[in-house]
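The following exercises concern one protein model. Please study the sequence and the structure before reading each solution.

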Amino acid sequence: MSAKKTLTTLIMALALITVGTLVAAADMPEQVSLDTMVKYFDGVEFDHAMHADLGEDCSTCHHHTTGTGTTDERCISCHAESEEVADVSCRSCHVTEPFSAEQIKQVASNVYLFHIDKPGLKAAYHWNCVSCHEQMDGPTGCQDCHSRTPEGDAFYHEDATSSSVAEATGHE
């Protein structure tokens, strides 16, 4: 192949890669609202663009769903060649109420379900977010990213102090 053809081929390949990257970036949202648990916590406006700049590639957070492959050793044995999926949101795979009667029945009825150990949405967010925040010196406290609603405070017994619990239970 002549030098001119090689150069032309190289320029075309780079142009296609650049266009593909721009198209993928155009489809990526700048902000994502994490609001499926607003009963107990205020929603979080997640700066997706900033996090995308920090990550190695999309599979860092989105596992194998983006077509960029997976690096997680727990997933790679089955998902090494997985295709890209249409919906990459966490809640498309991780359910909000993993211990609800409906979810337990659904898991029990599907004998071919390999992901019986898949964490619920809250655990998926926390495992992914907190572990990365610890590595990158990001915020790790509960109130750093979201605050509880009054219903969340009641559910998690925010009004209970160690001394009042000790008195109420007889454990001092």
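**Exercise 1.** In which helix does Met136 lie? Classify Met136 as buried, partly exposed or exposed, and state which residues make a nonpolar surface patch with Met136.

*Solution.* The model is a predicted one.
Step 1. Met136 belongs to helix 6, which comprises residues 121-136.
Step 2. The relative accessible area of Met136 is 48%. Partly exposed residues fall between the limits of 20% and 50%, so Met136 is partly exposed.
Step 3. Met50 and Leu54 join Met136 in a nonpolar surface patch of about 300 Å².

**Exercise 2.** Determine whether Gln103 is buried or exposed, and find its contacts beyond its neighbours within four places in sequence.

*Solution.*
Step 1. Gln103 is located in helix 5, residues 101-109.
Step 2. Its relative accessible area is 18%. Buried means under 20%; therefore Gln103 is buried.
Step 3. With neighbours within four places in sequence left aside, Gln103 is in contact with Val95, Glu97 and Pro98.

**Exercise 3.** How many disulfides does the structure hold, and which cysteine sulfur is nearest to that of Cys145?

*Solution.*
Step 1. A disulfide is a covalent bond that links the sulfur atoms of two cysteines.
Step 2. The structure contains zero disulfides.
Step 3. For Cys145, the nearest cysteine sulfur is that of Cys129, 7.3 Å away. A disulfide requires sulfur atoms within 2.5 Å, so Cys145 is in no disulfide.
Step 4. Cys145 has a relative accessible area of 37% and is partly exposed. Cys132, at 35% relative accessibility, also counts as partly exposed.

Methods
Residues are numbered from 1 along each chain as its sequence is written. This is a predicted model: local features need pLDDT of at least 70, side-chain atom pairs count only at pLDDT 80 or more; totals for chains, interfaces and linings use all residues. Side-chain values use heavy atoms; hydrogens and water are left out. Patches are made of residues with over 30% relative accessible area and no salt bridge: like charges are joined within 9 Å, nonpolar side chains (Val, Leu, Ile, Met, Phe, Trp, Tyr) within 5 Å. Accessible areas come from the Shrake-Rupley method with a 1.4 Å probe; for residues, only the protein chains shown count as cover. A salt bridge is a side-chain nitrogen of Lys or Arg within 4 Å of a carboxyl oxygen of Asp or Glu. Helices (H or I, at least four residues) and strands (E, at least two) are DSSP runs, numbered from the N terminus. Buried means under 20% relative accessible area, exposed over 50%, partly exposed in between (1.4 Å probe, protein chains only). Contact means heavy atoms within 4.5 Å.
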